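Student: I have a protein model to study, and I would like to learn how labels are given to its parts. Could we look at it together?

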Amino acid sequence: MSDLLDEDLEFRGGTLQLSTETVVPESSENNRTQTTEQPGRRKPPNNANPSVLSGADSLTSSTSSFADARTEEQQTTAAAPTAENQVFPRYDVPFDKENIKDFFTFRKGVVETAIQECITALLFPEDGVYLGSWLLTEITLWDNEKERIVLLTSRLVMTIKYDFIAMKQLDFKKTYLDDLDTIVIGELVYPPSSLVPERHLRGVRLMWNKGEPLPLKTVWNPFSQDVPFLTFASHPIFWHKVSDDDVEEKSTYDMETFAVKLQRAIEAMTSSACCIHHSPIVIQSYVGVTSLLHNKTGMGFFKVRGKFSF
């Protein structure tokens with residue numbers, strides 16, 4: 001994991017007032033504020049909606065927009081005096097530059113061709129106005145990372161499983177924006193009792209379960225197709241593309257860009273009652289040995305693996 005840790009910075013200011021009245025000094029013990037932090041796992045703020053799939057609290061409306069929240073965080077980190085604290089958000093860069101070249105999607109023109117093929121074959125006029133397309137990482141209920149093409153229109157989000165070796169579409173799923181009741185944007189975190197290392201990664205979760213807990217047949221079935229939410233993060237290629245070369249190409253792999261356009265699409269729908277939160281996204285994984293091996297080796301992505309490619 002990344003050795004780069006955020007440090008909390010605190011700014012305190014005071015005002016000197018001159019007065020002829022006698023002021024009785026207060027006890028220093030009453031004015032002393034002590035702040036103690038225990039090292040270890042970062043925990044979500046107490047006042048943040050944890051976005052767990054249960055309880056009515058996860059449906060509380062948020063008054064701040066995604067753009068405003070991101071601007072405020074950037075202004076906060078920009079005020080830090082050290083270069084380390086100017087990084088936003090704090091990501092763990094997946095894979096190194098050599099391994100990233102094994103991804104079939106790293107090859108020039110592959111992603112653009114696949115996306116155009118999906119747009120032509122899968123989108124119809126009744127699906128609404130086309131708003132954008134991305135190659136993102138979907139994080140499943142069992143914390144497994146999957147490579148997915150994501151298409152956004154004024155009516156729906158389409159998630160596509162695509163074979164980047166054979167260059168053909170394998171499966172797709174449509175999620176209509178009218179069905180969404182909650183969108184959560186924030187850092188991906190694990191429960192306090194989880195043994196899984198922190199991700200240091202941001203994501204976006206689309207939910208349509210109306211705050212109801214998942215049934216046991218869904219929770220304990222890794223092949224279940226009835227999971228009432230989608231979770232996306234940026235694709236690994238995002239951190240290995242030079243933004244100066246092609247800003248538009250880099251944004252194709254950026255979850256943040258997708259989240260912004262998704263929120264705008266929701267806000268443009270007068271019939272939508274979807275609530276948007278800016279809080280940590282809880283991944284209900286406690287041991288995660290299988291998912292750690294799956295994600296570390298990139299099994300959810302189409303790669304060259306020695307003499308084989310899959």
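Student: Why does Asp-127 count as buried?

Tutor: Keep in mind that this is a predicted model. Buried means under 20% relative accessible area. Asp-127 has 2% relative accessibility, so Asp-127 counts as buried.

Student: And what makes Lys-174 count as partly exposed?

Tutor: Partly exposed is the range between the buried limit of under 20% and the exposed limit of over 50%. Lys-174 has a relative accessibility of 28%, so Lys-174 counts as partly exposed.

Student: Why is the pair of Lys-174 and Asp-127 called a salt bridge?

Tutor: For that label, a side-chain nitrogen of Lys or Arg must be within 4 Å of a carboxyl oxygen of Asp or Glu. The closest N and O atoms of Lys-174 and Asp-127 are 3.3 Å apart, so the pair passes the cut-off of 4 Å. Lys-174 lies in strand S4 (residues 168–176) and Asp-127 in the loop between helix H4 (110–122) and strand S1 (130–139), so this salt bridge ties together parts that are 47 residues apart in sequence.

Student: How many salt bridges does that rule give?

Tutor: The count comes to six salt bridges. In general, side chains of opposite charge can pair when their charged atoms come close.

Student: What makes Glu-145 and Arg-199 a salt bridge?

Tutor: The closest N and O atoms of Glu-145 and Arg-199 are 2.8 Å apart, which is within the 4 Å cut-off. Glu-145 lies in strand S2 and Arg-199 in the loop between strand S5 (182–189) and strand S6 (202–207), so the pair ties together parts that are 54 residues apart in sequence.

Student: Are Glu-145 and Arg-199 buried or exposed?

Tutor: Glu-145 has a relative accessible area of 13%, so Glu-145 is buried. Arg-199 has a relative accessible area of 10%, so Arg-199 is buried too. Salt bridges that share partners join Asp-143, Glu-145 and Arg-199 into one network.

Student: Where is Asp-143, and why is Asp-143 called buried?

Tutor: Asp-143 is in the loop between S1 and S2. Its relative accessible area is 1%, so Asp-143 is buried. Its backbone is worth a look as well: phi of Asp-143 is near 65°, a positive value in a residue other than glycine.

Student: Which value is given for the phi of His-200?

Tutor: His-200 has a positive phi of about 55°, although His-200 is not a glycine. His-200 is in the loop between S5 and S6. At 6% relative accessibility, His-200 counts as buried.

Student: What makes Lys-241 and Glu-249 a salt bridge?

Tutor: Their side chains meet at 2.9 Å, N to O, and that is within 4 Å. Both Lys-241 and Glu-249 are buried. They are also among the residues that line the largest cavity, which holds about 40 Å³ of space.

Student: How do you know that Glu-147 has no salt bridge?

Tutor: The nearest side chain of opposite charge, Arg-148, is 7.0 Å away from Glu-147. A salt bridge needs a nitrogen and an oxygen within 4 Å, so this pair fails the test. Glu-147 is buried all the same, and Glu-147 lies in strand S2 (residues 145–153).

Student: Which polar contacts does Glu-147 make with Thr-105 and His-235?

Tutor: The side chains of Glu-147 and Thr-105 are joined by a polar contact of 3.1 Å. Another polar contact, of 2.8 Å, joins the side chains of Glu-147 and His-235. Each pair qualifies on distance because the cut-off is 3.5 Å.

Student: What makes His-278 partly exposed?

Tutor: His-278 has a relative accessible area of 25%, so His-278 is partly exposed. His-278 is in strand S8 (residues 275–278). His-278 and Ile-185 are 93 residues apart in sequence and 4.9 Å apart in space, C-alpha to C-alpha.

Student: Why is Thr-218 called buried?

Tutor: Thr-218 has a relative accessible area of 2%, so Thr-218 is buried. Thr-218 is in helix H5 (residues 216–219). Across the protein, buried residues make up 44% of the 310 residues.

Note on methods. Residues are numbered from 1 along each chain as its sequence is written. This is a predicted model: local features need pLDDT of at least 70, side-chain atom pairs count only at pLDDT 80 or more; totals for chains, interfaces and linings use all residues. Side-chain values use heavy atoms; hydrogens and water are left out. Helices (H or I, at least four residues) and strands (E, at least two) are DSSP runs, numbered from the N terminus. Buried means under 20% relative accessible area, exposed over 50%, partly exposed in between (1.4 Å probe, protein chains only). Lys and Arg count as positive and Asp and Glu as negative; His and the chain ends are not counted. A polar contact is a pair of N or O atoms within 3.5 Å; within protein, one must be able to donate a hydrogen and the other to accept it, and residues adjacent in sequence count only if both atoms are side-chain atoms. On a 1 Å grid over the protein atoms alone, a cavity is a set of points where a 1.4 Å probe fits but cannot get out, and a pocket is an open set with protein on both sides within 12 Å along at least five of seven lines; lining residues have an atom within 4 Å of a point. Grid points are joined across faces, edges and corners, and a volume is the space filled by probe spheres set on the points.
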